Amino acid sequence: MRARLINRDDIVKLVRILMREYEVVAPFCSRGSDTVFDVVTEENIDKIQLHVRNPIYPPKRFVLPHVEQMFEFQMSEVGVSAIPTYNEKPRALFGIRSCDIAGIKHLDNFFLGREFVDPYYLRQRRNLFLVNVVCTEIGTDVGEYCFCLCADTGPAARDGFDLQLMDLGDVWMVVAGTERGSRYLDLEFMARGDDSHIKLRREILSRVRHQFFDKQTSWFSAAMRLITRLEVSESTWEKIGRRCLECGGCSFVCPTCSCFTVDDRRVSAGKAIRMRLWDSCALGGFTRMAGGFNPRKAVHDRRNRRFFHKLAYQFVLRDGSIGCVGCGRCAVVCHGAIGMPSVVEIIRRQELGSQD
Amino acid sequence: MQQILTTCPFCGVGCGIYLEAEVDRVLGAYPSVTHPANRGRICLRGWHVHELCITPARLRKPLLRKNGQLEEVEWEEAIRFVSERLESIRSRYGPAALAFLAGPRCTNEDAYILQKVARVVFGTNNVDHGYGAYTNTALEVLLRSLKVPASPAVIEDVGEADLLFIDQVDLSRQNPTVGGWVIRARESGTKVVAVSYRRDRITLQADIQLYPQPGTALWLYGAIAKVLWDRGFIDLEFLQKYCINADEVLRSVQQYDLLRAAEICDVPPQLIEEAATAYGKAKSALILCSTGGEARDPLDLHAVVNLALMRGHLGRKGAGLLVLTEHCNLQGVCDMGVLPGYLPGYTSVFEDEAMDRFQTLWGVRPPKKAGVTATDVFAGANSSGIRACWLMRFDPLILAGFSRAFEALRRMELLVVQEAFLSPIGKYAHVVFPLPAFGEEDGTYTSTERRVQRVRPVVFTSSVMPGWQLLTELAKRFGHRWAYSKPADVMEEIRQAVPFYSGIGYESLEHSFGRQWPCTQDRPGGTTRLFEDGLRERQFVMTPIKVPSIPAHPGPEYPFRLVFGQSLYFWHRDTYVNNSQVLLREHRVLLLDYPDGFVEINPTDAERLNIRDGRAIKISSPLQSVVTTARVTDEVRPGTVHVPFFVREVAEALWINGAEEIGTLSKPVFVKVEPCAE
């Protein structure tokens with residue numbers, strides 16, 4: 001992999017260059033300590049924040065939008081004609097974290113990696129340029145609920161990005177992950193580094209990894225083993241399920257959740273649009289079948305489905321990676337505090353009788 | 001693309017949410033992680049709120065009924081029609097024949113202008129917010145006992161309390177974000193006591209669960225107070241110093257008998273004692289109740305307020321009373337004076353001095369006579385004499401208490417509806433004016449914790465006139481020139497009309513997450529908790545509650561208590577829910593299994609009577625009977641029949657005097673239940 005160095009002040013220059021080809025989306029501060037991904041413009045370009053809490057609204061929406069128009073259909077005497085409405089806007093995500101990069105890789109496998117290729121996802125994905133930022137600051141980049149270390153996705157992504165930026169203190173290191181990305185290493189403000197920079201990178205990553213141990217960590221392996229072998233008791237699932245208020249938030253913020261529903265909406269006489277919208281396995285209307293049977297009628301049956309799909313080994317084999325990237329968003333949005341880290345912990349304590 | 005912070009338009013929690021939008025399209029919605037009310041959590045409704053902004057069902061042009069059909073017309077034609085018809089009705093019947101009703105989803109600005117039009121332009125106090133049958137009871141109780149018609153505690157107190165006492169509200173459905181606060185508090189060691197007539201997601205997790213028979217809450221609370229008294233948990237010093245009627249209340253408390261109350265409530269006396277002791281011992285106990293998803297007797301709520309006062313915990317962090325509103329701006333529309341007996345800021349229409357103030361502000365003196373309520377108009381025995389009715393974001397047809405509203409609606413000579421979507425009320429409307437939908441609207445909502453916060457527009461539809469603007473235009477037709485050019489101008493006037501809003505301006509609302517009233521010139525940052533700065537002597541009024549008499553029972557052949565429930569299905573017929581695909585699916589999923597509606601009974605009762613889930617069931621009161629479908633569920637306690645309010649046949653068949661008088665939590669109907677051959 002090729003790498004270069006860039007001065008902090010030149011990062012804006014890189015963004016400007018990307019803006020020639022792409023709509024650039026980057027993290028910004030909002031109210032309180034809220035952070036958001038928003039489009040970079042000449043007005044806000046100086047306010048881009050690379051060391052902030054990872055925005056709660058996941059960047060997966062740039063490949064799988066919250067609401068997306070799929071096609072328009074027209075009914076006439078001759079029949080029905082459908083015209084797809086593809087979104088092919090070239091877009092660069094500047095400052096996407098390593099966990100979210102892993103999420104997009106997981107979605108790529110789901111939407112593109114098997115027999116059926118999703119044309120809507122494909123067009124948005126191939127027009128997406130990913131600039132990863134390595135999380136190096138504890139407290140800001142690495143938040144209260146982060147556990148990418150346990151999910152093996154961070155703090156520095158190994159691949160899946162076009163460019164990767166890492167704060168080395170005085171300068172930032174830029175690594176190219178793809179051919180597309182490596183073109184930018186030839187820009188005049190990119191400088192060559194030496195072995196001391198590689199050493200520094202290793203030192204920083206090692207320090208950050210060790211600082212995670214004060215934070216919430218997640219013993220996936222125990223939970224995976226217990227879930228895969230069906231050794232989690234019904235009463236533990238009930239205990240977890242009771243705390244679910246069926247908001248669907250965990251699915252919506254999850255970088256790897258891919259479920260959607262479709263809805264046809266009449267626009268005018270003879271004309272309608274088909275939308276697809278994020279959906280969630282937490283919801284009873286989602287699991288209910290057309291014939292009226294609901295295999296997961298009880299809320300805890302729907303909740304355990306989430307964790308089976310994310311952690312049971314047969315799904316890990318099929319999907320290529322475990323369905324959790326350790327971003328910690330589900331822990332933030334969950335009313336009942338049954339995000340991934342606490343569920344893994346509940347299972348471990350209940351089933352292994354561990355008190356510590 | 002832009003990311004705009006706004007306020008969720010569903011319940012009264014006032015969750016901070018962001019809308020993501022692009023030029024003229026809303027792309028999504030997500031929670032604010034630092035908003036003090038929700039801290040990153042929102043319910044399903046919040047996650048799907050953007051669907052409202054994109055539905056093609058949005059009204060864009062006024063509709064006028066011509067030859068029996070609603071037809072799209074230009075704004076001018078509709079406004080002219082309405083002004084002429086209003087003038088004609090007023091000249092024939094006088095101002096008392098006009099009523100202006102707002103839903104609890106109107107912004108403060110719209111609500112303020114609506115009541116101003118009624119009072120200043122037409123000279124009538126016939127203004128109400130439509131949910132009065134439920135809410136006004138709670139507001140009156142708070143106003144009378146605490147002198148402030150709002151919740152003294154705030155949502156974050158749930159996370160600070162040692163003990164949470166949940167009084168008959170299904171938090172998981174009505175205010176899920178608060179339900180989440182409760183679950184999280186419990187996980188970190190807070191004790192939870194729940195009193196409920198249904199087992200819901202939150203009460204099931206409570207440490208102490210009390211499921212009294214409907215209609216027996218006064219005995220239960222009386223018995224709890226008695227235990228507090230017997231064990232010396234009542235803060236006598238606090239009562240003597242700060243409460244009026246304390247001695248009478250203490251005397252009445254001593255009349256209760258724990259064992260007798262336990263028998264009437266059908267709750268084990270040990271549980272009542274345990275609950276009371278836990279409440280009495282807690283260093284900071286917070287009571288959570290609702291302004292009324294269910295209609296309740298005011299005495300029930302007085303009993304709850306008494307319990308809060310007995311521990312003297314008001315104004316303390318993590319303690320006191322959190323009264324939850326069901327809709328995003330229920331608090332605000334009441335603050336704005338959309339009440340028949342109160343001007344903005346809860347000034348009684350009988351207070352002369354205050355009326356002078358409004359005369360100076362408005363140039364017109366409002367009438368010194370209370371107006372009619374929405375209940376008078378829609379639930380009463382058609383004696384209100386209303387000929388013209390203006391409904392702003394309010395549809396009586398979707399409310400339990402107004403299932404006979406169509407009778408009053410048919411009699412109207414003019415029915416004007418302001419709505420973003422065509423709701424069932426459209427069938428009776430003469431004119432429908434479109435309103436901006438969520439995401440287009442600009443204004444403020446006041447949440448259940450008195451937090452006044454902005455609702456911000458993210459997309460603009462120039463073709464739709466906001467509510468305040470249309471009403472200002474209407475006022476102009478009647479010779480009143482009001483110089484509002486934007487909602488912020490209306491807020492400037494609200495600051496003068498409502499003393500506790502005097503420090504709130506759009507500029508100050510731009511900072512942090514709104515302002516909590518009282519927010520005045522002296523307290524520009526607002527007030528988090530009420531009563532935190534110390535109390536005045538004899539500030540509160542307690543209400544003595546005599547031991548109630550046992551309600552007349554029609555006899556052992558009618559053993560079940562039937563309650564018409566609102567809370568579980570509260571959102572079921574909601575206009576917003578009905579215009580959002582995922583919400584509609586989720587809120588109607590039960591109806592897919594029971595397409596003709598259902599009533600709920602407990603499995604032990606069902607087994608004894610040979611009633612099967614999904615099968616026909618006959619319910620009889622001494623006067624009438626009705627056949628419907630049974631849903632057998634342990635969500636209801638044995639001995640009760642729960643009827644979701646939208647199951648009209650049951651309501652109409654068992655109707656006696658209007659729903660607010662029968663089948664309520666305070667006054668259930670006694671019925672018998674039997675299986676029915678199909």
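Start by selecting α6 of chain A, the element that gives the most residues, 8, to the lining of the second largest pocket. This is a predicted model, in which local features need pLDDT of at least 70 and side-chain atom pairs count only at pLDDT 80 or more, while totals for chains, interfaces and linings use all residues. Residues are numbered from 1 along each chain as its sequence is written, chains are lettered from A and ligands numbered from 1 in the order in which they are written, and side-chain values use heavy atoms, with hydrogens and water left out.

**Stop 1: the second largest pocket**

Helices (H or I, at least four residues) and strands (E, at least two) are DSSP runs, numbered from the N terminus. Stay on α6(A), residues 195-211. Now add β1 (3-7), α2 (98-112), α4 (148-151) and β9 (171-176) of chain A; each of these supplies at least two lining residues. A pocket is an open set of points on a 1 Å grid over the protein atoms alone, where a 1.4 Å probe fits, with protein on both sides within 12 Å along at least five of seven lines; lining residues have an atom within 4 Å of a point. The volume here is about 870 Å³, counted as the space filled by probe spheres set on the points, which are joined across faces, edges and corners.

Which residues lie nearest the centre? Select A156(A), A157(A), R158(A), D159(A) and Q164(A), out of 40 lining residues. The lining divides into 18 nonpolar, 10 polar and 12 charged residues. Here Ala, Val, Leu, Ile, Met, Phe, Trp, Tyr, Cys and Pro count as nonpolar, Asp, Glu, Lys and Arg as charged, and the others, Gly among them, as polar.

Next, select G154(A) and P155(A). Their peptide bond is cis, with omega near 5°. P155(A) sits in the loop between α4 and β8 (163-167) of chain A.

**Stop 2: the largest pocket**

Show both chains. The largest pocket holds about 1,400 Å³ of space. Of its 43 lining residues, E246(A), R302(A), R173(B), R201(B) and E635(B) are the closest to the centre. By class, the lining has 16 nonpolar, 7 polar and 20 charged residues. Which element gives the most? Select α11(A), with 4 residues.

**Stop 3: a helix crossing**

Keep α11(A) and add α14(A), residues 340-352. Their axes, lines fitted to C-alpha atoms over the stretch in contact, with angles from 0 to 180 degrees between N-to-C directions, come within 12 Å and cross at roughly 95°. That makes the two helices roughly perpendicular, a label for angles of 65 to 115 degrees. Look for contact, meaning heavy atoms within 4.5 Å. F307(A), K310(A) and L311(A) of α11(A) meet M340(A), V343(A) and V344(A) of α14(A).

**Stop 4: a sheet in chain A**

Select the 4 strands in order: β5-β4-β11-β10 of chain A, an open antiparallel sheet. Two strands pair if DSSP finds at least two bridges between them. β5 (79-84) and β10 (260-268) stand at the edges with a single partner strand each, so one side of each has no neighbour in the sheet. The twist averages 25° from one strand to the next. Zoom in on β10(A) and β11(A), joined by 8 bridges. T261(A) stands opposite L277(A) in β11(A). Then add α3 (119-126) of chain A, which lies across β4, β5 and β11 at about 130° to β4(A).

**Stop 5: two loops in chain B**

Select W517(B) and P518(B), joined by a cis peptide bond with omega about 0°. Finish at N245(B), where phi is near 75°, a positive value in a residue other than glycine.

Terms used
Angles under 35 degrees count as roughly parallel, over 145 as roughly antiparallel, 65 to 115 as roughly perpendicular and the rest as oblique.
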